[in-house]
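Open the model in your viewer and keep the selection panel at hand. The tour goes from strands to helices, then to cores and a pocket.

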Amino acid sequence: MAIASQKMTLEEYLNYDDGTDTKYELDNGELVAVPPESELNRRIASLLFAFFLKQGIPSYRVSIGTEIVVSGSRVTTRFPDVMVLSEELATALEGARRSTVILDMPPPLLVVEVVSPGQEKRDYRYKRSEYAARGIVEYWIVDPMQQKVTVLEWVEGLYEEKVYEGDSTISSPLLGALNLTTSRIVQGQ
């Protein structure tokens with residue numbers, strides 16, 4: 001649900017503070033409150049964060065809670081559940097007052113979204129096109145309701161997708177074959 005009746009610029013949004021702990025995204029220039037995560041979504045994000053660390057990715061390059069500016073008809077921001085940053089992006093964020101990947105920064109290498117009930121269209125459709133426009137080379141959609149993980153790889157200007165279900169082992173274009181099954185991910189274990 002939009003909060004402000006007037007469209008905001010990115011600068012206005014980045015400086016916005018209503019004095020509460022409410023987390024907001026900017027959706028086509030409109031301030032939108034982000035609902036709290038479910039416990040399952042939080043567990044899935046934590047599991048993937050820990051898994052990426054075990055793959056040898058340095059902790060400063062794996063992020064939960066980092067925001068990214070994407071394109072829309074007006075400015076839009078998103079808070080992916082997990083991001084894997086390039087060395088260059090991690091360096092660009094180093095001294096930032098806010099953990100926000102702005103348009104003049106390189107994109108993250110990998111973005112993970114955990115689908116929440118009622119948000120399927122945002123994760124499967126809108127974010128897919130927004131992340132593609134940012135040139136994010138790998139995008140995972142973890143859907144605990146459908147019990148599947150969709151891995152999207154950026155190939156020649158479009159995302160190609162592979163869907164994993166049940167005990168199938170995830171294969172990441174970025175990280176290779178992983179010792180991680182779909183059922184383990186969607187259960188957050």
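Start by selecting S10 and S11, which pair in the antiparallel sense over 8 bridges. Strands (E, at least two residues) and helices (H or I, at least four) are DSSP runs, numbered from the N terminus. Two strands count as paired if DSSP finds at least two bridges between them. Now pick Leu152: Glu161 in S11 stands opposite.

Before moving on, note that this is a predicted model, in which local features need pLDDT of at least 70, side-chain atom pairs count only at pLDDT 80 or more, and totals for chains, interfaces and linings use all residues. Residues are numbered from 1 along each chain as its sequence is written, and side-chain values use heavy atoms, with hydrogens and water left out.

Next, show the sheet around this pair. Its 6 strands form an open sheet in the order S3-S6-S8-S9-S10-S11, with mixed pairing. Strand S3 (62-63) and strand S11 (158-165) are the edge strands, each pairing on one side only.

Add H2. This helix packs on the sheet and touches S3, S6, S8 and S9; its direction makes about 155 degrees with that of S8. Contact means heavy atoms within 4.5 Å. Axes are lines fitted to C-alpha atoms, for helices over the stretch in contact, and angles run from 0 to 180 degrees between N-to-C directions.

Then add helix H4 (residues 120-133). It touches S8, S9, S10 and S11, at about 165 degrees to the direction of S9.

Now select the other sheet: 3 strands, open, in the order S5-S4-S7, with mixed pairing. Strand S5 (76-78) and strand S7 (100-101) each have a single partner strand, so one side of each is left without a neighbour in the sheet. S4 (residues 67-70) runs parallel to S7, joined by 2 bridges. Glu67 has Thr100 as its bridge partner in S7. H4 packs here too, touching S4 and S5.

Which residues have the most contacts inside the largest nonpolar core? Select Leu48, Phe52, Trp140, Val142 and Ile185; the core has 23 residues. Such a core is a set of buried Ala, Val, Leu, Ile, Met, Phe, Trp, Tyr and Cys residues joined through side-chain atoms within 4.5 Å, where buried means under 20% relative accessible area (1.4 Å probe, protein chains only). H2 gives the largest share, 6 residues. A second, separate core of 18 residues includes Ile68, Val111, Tyr131 and Tyr159.

Conventions. Buried means under 20% relative accessible area, exposed over 50%, partly exposed in between (1.4 Å probe, protein chains only).
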